Amino acid sequence: MIRSCRRSQFRRKVSDSSGQALTGASLLMRILILRRLLLREVFTVGEKHIGILLPPSVGAVIVNAAVTLAGRVTANLNYTATSELVNACIGRAEIQHVLTSRRVMEKLDLNLDSEVLYLEDLRDKVTWLDKVVAAIEAYLFPAALLDWLLGLNRIDLDDVLTVIFTSGSTGDPKGVMLTYRNVESNVDAIARTVRPQREDTILGILPFFHSFGYTVTFWGPMALDLAAAYHFTPLDARA
């Protein structure tokens, strides 16, 4: 992802239906800023699984990537499910924090059994030092040095990257643990079979709690040299 963002440093990398669009370097800088904030203001020692409740969007990309670079395991929650099913997922993964936005929660009828953190509340906590350090890391640091500073060299391919929950249609949702190797092999399959070019853009409409949405439309463009455009729901074909 770091190298992919560097290759599209001044080209559009991600955009969504809200009109937001970011170049590769700008995206990476925002990911690194949020990573610093989460480690300083939110995450506790020993906290492993982080819940995310966001539709496919630029914001969801930033949050998922920042949580991963912070060394935590993402758990994108099904915002179309009932509170009972979502809370079953939260309990099974022992999730302490759910990252979301006020706009999203206003549209959902959910009561969650964990601490809900609104991303808007973190904006005032961003310091000039956060911006300067993240900008230097995103634009200037050699990728190998950034890998080392972020501790990415300590990741094993068989470490868990994310938890994808089943729909719960046959009982309580089951958490499927996907490793870095699982997702990397799928992304590699995209590169070998689809052979995307740098001028291509992938349309991301499936939510990140869906295995295809998470692996193909999130990590696909993040790891490969192509852009992504996101729309918040797959049911809105006209838009």
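## The four-strand sheet

In this predicted model, four strands form an open sheet in the order β2-β1-β10-β9, and the pairing within that sheet is mixed. Its edges are held by β2 (21–23) and β9 (201–204), each of which pairs on one side only. From one strand to the next, the twist averages 15°.

Helix α3, spanning residues 58–69, packs on this sheet and touches β1, β2 and β10, with a direction that makes about 120° with that of β1.

## Strands β1 and β10

Within the sheet, strand β1 (residues 12–16) runs parallel to strand β10 (residues 227–230), and 3 bridges join the two. V14 stands opposite A228, which belongs to β10. As background, the strands of a sheet pair through backbone hydrogen bonds, in either a parallel or an antiparallel manner.

## Strand β5 and its partners

Strand β5 covers residues 97–100, and its side chains are divided between two directions: H97 and L99 point one way, whereas V98 and T100 point the other way, and all of these residues are buried.

Strand β3 (residues 49–52) runs parallel to β5 and is joined to it by 2 bridges, with V98 of β5 serving as the bridge partner of G51. Strand β6 (residues 115–118) also pairs with β5 in the parallel sense, over 4 bridges, and here T100 has Y118 of β6 as its bridge partner.

## The link from β5 to β6

Helix α5, made of residues 102–107, combines with β5 and β6 in a β-α-β unit, and this unit is right-handed.

How values were computed: Residues numbered from 1 in each chain as written. Predicted model: local features only at pLDDT ≥ 70, side-chain atom pairs only at ≥ 80, totals over all residues. Heavy atoms only, no water. Buried < 20%, exposed > 50% of the residue type's maximum accessible area, 1.4 Å probe, protein only. Pairing = 2+ DSSP bridges. Right-handed = clockwise from strand over helix to strand, strands pointing away. Axes fitted to C-alpha atoms, helices over the stretch in contact; angles between N-to-C directions. Contact = heavy atoms within 4.5 Å.
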